[in-house]
Amino acid sequence: MQGDEARLLLGFPPNSRPTPSQIKAAYRKKVWESHPDLFPLHQKSLAESKFKMIAEAYTCLQSGSGGGGSFSATYLHVVRTGVPKAHGGRKNRALIQIPFLLIVLGTVGLGGLNATRAYRKQKEACPSHNPFLP
C-alpha cells in the first residue's frame, strides 16, 4: 500500500505528514466506525475487508513515519513472529527456550514430589494395601 493511499484511507490529505499520535487517533476512529462486529451478517465480509485495509494503512504509516520508524518496525516484527532479533539479525532462541525448559522441568519435579508424598501418606494410612495391585 502506498503512503498517499494509506493517508486517504485514514482521512488525511494525500501529501500531509501526520504525527504518530494523529495516525493513532485516526486509526482508532476508523476502526470504531468499520469494525465487522458492528455490521449485520450480510455486510460482514465487506466490513472485514475494509477493516483489514485500515489496519494495513495504519502499519504502513506507522513504519514509514519519521522518528520512531526503526522502533515500530522492530516492534511489528516481534508482534508478527513472536521472536526478537538480536546480534545482527540472528534469532536468539536460547533466551526464550532456557526459561521455558526450566519451568517445565520444575513443574515435573514438583509433580513427582507431590506423587511421592501422596504415596507415602496412603501407605501410612493403610499399610496392608498395595496400590499397584487391583
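Ala6, Arg7 and Leu10 are buried in helix α1, which spans residues 3-10. Viewed down the axis of α1, the buried residues are confined to an arc of 100 degrees, and they therefore line one face of the helix. Just after α1, Gly11 adopts a positive phi of about 95 degrees. These features, like those that follow, are taken from a predicted model.

A search of the whole structure for aromatic pairs returned one. In this pair, the ring centres of Tyr27 and Tyr58 are 4.1 Å apart and the ring planes stand at 20 degrees; because planes under 30 degrees apart count as stacked, the pair is assigned to that class. Tyr27 belongs to helix α2 (residues 20-34) and Tyr58 to helix α3 (residues 44-64), so the pair ties together parts that are 31 residues apart in sequence. With respect to solvent, Tyr58 is buried, at a relative accessible area of 18%, whereas Tyr27 is partly exposed, at 21%. The two residues fall into separate classes because the limit for a buried residue is under 20%.

Confidence was also examined along the chain. The mean pLDDT of the chain is 77, and 74% of the residues score at least 70. Confidence is highest in α2, at a mean of 90, and lowest in strand β2 (residues 90-91), at 56. Helix α2 is also the element that holds Tyr27 of the stacked pair. Over residues 66-70, pLDDT stays under 50, and the model has one contact beyond four places in sequence for this stretch.

Notes. Residues are numbered from 1 along each chain as its sequence is written. This is a predicted model: local features need pLDDT of at least 70, side-chain atom pairs count only at pLDDT 80 or more; totals for chains, interfaces and linings use all residues. Side-chain values use heavy atoms; hydrogens and water are left out. Rings of Phe, Tyr and Trp (its six-membered ring) pair if their centres lie within 6.5 Å; planes under 30 degrees apart count as stacked, over 60 as edge-to-face and the rest as tilted. Helices (H or I, at least four residues) and strands (E, at least two) are DSSP runs, numbered from the N terminus. Buried means under 20% relative accessible area, exposed over 50%, partly exposed in between (1.4 Å probe, protein chains only). pLDDT is the predictor's confidence in each residue, from 0 to 100. Contact means heavy atoms within 4.5 Å. The arc is that of the directions from the helix axis to the C-beta atoms.
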